[in-house]
Amino acid sequence: MQTLKRYKWTWLLLLLALIMAAYLAFNSLALGSKELPVIGEVQDFSLENVNGDTVTLADTQGKARLVYFFFTDCPDVCPITTFMLSQTQNLLVKDGSFGKDVSFLSISFDPKRDTREAIKDFADRFHANYDGWYFLRGDQEKIRKIAADSFKVLIAGDNRDNFAHANLIGLVDRENRLRALYDAGDSDNVTPEFLAAAVKDLARE
């Protein structure tokens, strides 16, 4: 009860953000639409990769990207969604677009526990191909701001016991514009095949 009271406004904001995100995700399916709308600009960032290198948004410019916010101790949606992204990766590797025209960004928002080593262990469980998949970490508040301002993803809580976040995958075009938000829990529509087709179509745009 004390936790609920302490985070009352945070949870209310999260609820509103989830409603907005669900609306955007529904529209982002764009069934029958030829071109995805521009939702907004993705702000630049500078984060740490698992090998210790600094990665900025500009480093992946010119490619279509799938972006996901996660934490390695997540007991439910993060590993499931990361597995789906790994299946998407495999489809893109087969046709030669992964790392060349398409890249993935998985950004941890739990820097205290998610060391480079912890994140790499997590990524290796899903056979991440580091030629095109960046697993990033950085200051928690900075990442919260990137998630909220650029991807409409609100992250609530401050540790694994009270973290809450919208389970959304962002689709970013070559010019650093957010073009879609996909609800990773919508297994009827958001599949590895769907994601692979969406990101390849955007890369060709």
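Which residues are linked with Asp173 and Arg179 in a network of salt bridges? Let's work up to that, and then try a few more exercises on this structure.

The model is a predicted one, where local features need pLDDT of at least 70, side-chain atom pairs count only at pLDDT 80 or more, and totals for chains, interfaces and linings use all residues. Residues are numbered from 1 along each chain as its sequence is written, and side-chain values use heavy atoms, with hydrogens and water left out.

**Exercise 1. Trace the salt-bridge network around Asp173 and Arg179.**

Step 1: Start with the criterion. A salt bridge is a side-chain nitrogen of Lys or Arg within 4 Å of a carboxyl oxygen of Asp or Glu. By this rule the model has 13 salt bridges.

Step 2: Check the pair itself. Asp173 and Arg179 meet through their side chains, at 3.0 Å from N to O.

Step 3: Ask how accessible the two partners are. Buried means under 20% relative accessible area, exposed means over 50%, and partly exposed lies in between (1.4 Å probe, protein chains only). Asp173 has a relative accessible area of 3% and is therefore buried; Arg179, at 1%, is buried too.

Step 4: Extend the network. Its members are Glu35, Asp173, Glu175, Arg177, Arg179 and Glu205.

**Exercise 2. Explain the sequence spacing of the salt bridges Asp124–Lys120 and Arg204–Asp201.**

Step 1: Get the distances. Asp124 and Lys120 have a salt bridge of 2.9 Å, N to O, while the closest N and O atoms of Arg204 and Asp201 are 2.6 Å apart.

Step 2: Place the pairs on their helices. Helices (H or I, at least four residues) and strands (E, at least two) are DSSP runs, numbered from the N terminus. Asp124 and Lys120 sit four residues apart in helix α4 (residues 116–125), so about one helical turn separates them. Arg204 and Asp201 are three residues apart in helix α6 (residues 192–204), so they too are separated by about one helical turn.

Step 3: Add accessibility. Asp124 is partly exposed at 32%, and Lys120 is partly exposed at 34%. Arg204 reaches 59% and counts as exposed, whereas Asp201, at 44%, is partly exposed.

**Exercise 3. Describe the surroundings of strand β4 (residues 64–70).**

Step 1: Look at burial. Seven of the seven residues of β4 are buried, so the strand is largely enclosed by the rest of the structure.

Step 2: Separate the faces. In a regular strand the side chains alternate between the two faces of the sheet. For β4, Ala64, Leu66, Tyr68 and Phe70 are buried on one side, and Arg65, Val67 and Phe69 are buried on the other.

Step 3: Find the partners. Two strands pair if DSSP finds at least two bridges between them. β4 pairs with β5 (residues 102–108) in the parallel sense over seven bridges, and Val67 has Leu105 as its bridge partner in β5.

Step 4: Follow the connection. From β4 the chain passes through helix α3 (residues 77–94) to β5, a β-α-β crossover that is right-handed (with the strands pointing away from the viewer, the path from the first strand over the helix to the second runs clockwise).

Step 5: Turn to β9 (residues 168–172). This strand runs antiparallel to β4 and is joined to it by four bridges, with Leu171 in β9 as the bridge partner of Leu66.

**Exercise 4. Classify the aromatic pair Phe109–Phe163.**

Step 1: Apply the rule. Rings of Phe, Tyr and Trp (its six-membered ring) pair if their centres lie within 6.5 Å; planes under 30 degrees apart count as stacked, over 60 as edge-to-face and the rest as tilted. The count comes to 12 aromatic pairs.

Step 2: Insert the values. Phe109 and Phe163 are 5.0 Å apart centre to centre with 85° between the planes, an edge-to-face pair.

Step 3: Locate the rings. Phe109 is in the loop between β5 and α4, and Phe163, 54 residues apart from Phe109, is in the loop between β7 (155–156) and β8 (164–165). Both residues are buried.

**Exercise 5. Find the contacts of Ser86 beyond its neighbours within four places in sequence.**

Step 1: Ser86 lies in helix α3 and is buried at 5%.

Step 2: With contact meaning heavy atoms within 4.5 Å, the partners are Phe126 and Trp133.

Step 3: Phe126 and Trp133 also belong to one aromatic cluster, whose members include Phe70, Phe104 and Tyr130.
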